[in-house]
Amino acid sequence: MYNQIEDILLNISIVIATVWIVKRFWGSFFEEKQNSILSVSLWIVYCIFQFFFGYHNGRLQIFATILNILLILSIAMVAYQSRGKEKYFLLATFYAGWSLIEVFVFSLINSFDIGESQQRDIIGLVLSNILMILSVYALSMVAEKRKESPVPGKYYFFLLLVPVGSIVIAINEFCSEGKSFFAVITISILILFNVIIFELYVKINKVFDKYLQKKRKGGEERWRLAVKLSGIFRDRRGSL
């Protein structure tokens, strides 16, 4: 029974992380459409697919891989303003990057004698998702060409400690506890913690951007009003 609960908890945390990664990636390049029955249904189908097929030794079969790519592409077409061929290039880059991270992580994990094969697969899956969360967040900052941020640059170093610390804790948990109930709970919480932290950073930056735009707009309006008033005063002095 505990094994089933462990798998369900881990699957749910992986699904949430995967959905956040895909959503944040497309949102970095395209404007999101209003929710519709089709888009919500597509997200639900993608979550169900990830729950049942996304966590099988961290490696999807050929059919599942093709279906996964088609679902991610469909999400871009239905849920985002993604016209033109750019989305195909971005999808190829996104999936290739994710695959390279998984290959690197699994190769690194398998080179060390860390538990059994199943434990190494779980560690590899968790670490690759944490690295993808970090990579997609960094990509979103670059894609949005952010020049100003409410968070000073030096504090991004501390933000980097979140995924790094999570990776260290995840490896330590599996090395010391194995695939135990509490180890899986700890790792599931770590994955969700990373998603929440990076989502909060994104939201803070968006709120700060809106504040700056409002401030600039207010400054421009005050400048136009000052120019208009100065013109009126000049006209009155000229008439006198």
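**Exercise 1. Find the residues that make up a nonpolar surface patch, and place one of them, I48, in its helix.**

Solution. Step 1: V40, I44, I48, F52 and F53 make a nonpolar surface patch of about 470 Å². Patches are made of residues with over 30% relative accessible area and no salt bridge, with like charges joined within 9 Å and nonpolar side chains (Val, Leu, Ile, Met, Phe, Trp, Tyr) within 5 Å. Accessible areas come from the Shrake-Rupley method with a 1.4 Å probe, and for residues only the protein chains shown count as cover.

Step 2: I48 belongs to helix α2, residues 37–53. Helices (H or I, at least four residues) and strands (E, at least two) are DSSP runs, numbered from the N terminus.

Step 3: I48 has 46% relative accessibility, so this residue counts as partly exposed. Buried means under 20% relative accessible area, exposed over 50%, and partly exposed in between (1.4 Å probe, protein chains only).

Before going on, note that this is a predicted model, in which local features need pLDDT of at least 70, side-chain atom pairs count only at pLDDT 80 or more, and totals for chains, interfaces and linings use all residues. Residues are numbered from 1 along each chain as its sequence is written, and side-chain values use heavy atoms, with hydrogens and water left out.

**Exercise 2. Describe the chain as a whole: which elements does it have, and what share of its residues is buried?**

Solution. Step 1: the protein chain has seven helices and zero strands. Step 2: read from the N terminus, the order of elements is α-α-α-α-α-α-α. Step 3: of the 240 residues in the protein chain, 40% are buried.

**Exercise 3. Work out how α3 lies against α2 and against α4.**

Solution. Step 1: the axes of α2 and α3 (residues 62–79) come within 10 Å and cross at roughly 155°. Because of this, α2 is roughly antiparallel to α3. Axes are lines fitted to C-alpha atoms, for helices over the stretch in contact, and angles run from 0 to 180 degrees between N-to-C directions. Angles under 35 degrees count as roughly parallel, over 145 as roughly antiparallel, 65 to 115 as roughly perpendicular, and the rest as oblique.

Step 2: the crossing of α2 and α3 is left-handed. A crossing is left-handed if the near helix is turned anticlockwise from the far one by less than a right angle, and right-handed if clockwise.

Step 3: for α3 and α4 (residues 86–110), the axes come within 11 Å and cross at roughly 135°. These two helices are therefore oblique to each other. α3 passes α4 in a right-handed crossing.

**Exercise 4. How many salt bridges does the whole structure have, and which residues form a salt bridge?**

Solution. Step 1: a search of the whole structure gives one salt bridge. The term means a side-chain nitrogen of Lys or Arg within 4 Å of a carboxyl oxygen of Asp or Glu. Step 2: K23 pairs with E32 in a salt bridge, and their closest N and O atoms are 2.8 Å apart. Step 3: K23 is partly exposed, at a relative accessible area of 35%. E32 is partly exposed, at 35% relative accessibility.

**Exercise 5. Trace contacts between residues that are far apart in sequence, starting from S28, L139 and F94.**

Solution. Step 1: S28 sits in helix α1, residues 2–29. S28 is buried, with a relative accessible area of 8%. S28 and V142 are 114 residues apart in sequence, and their C-alpha atoms are 8.9 Å apart.

Step 2: L139 is in helix α5, residues 117–143. L139 counts as partly exposed at 33% relative accessibility. The C-alpha atoms of L139 and F25 are separated by 7.8 Å, with their positions 114 residues apart along the chain.

Step 3: F94 lies in helix α4. F94 is buried, with a relative accessible area of 4%. F94 and M132 are 38 residues apart in sequence and 9.9 Å apart in space, C-alpha to C-alpha.
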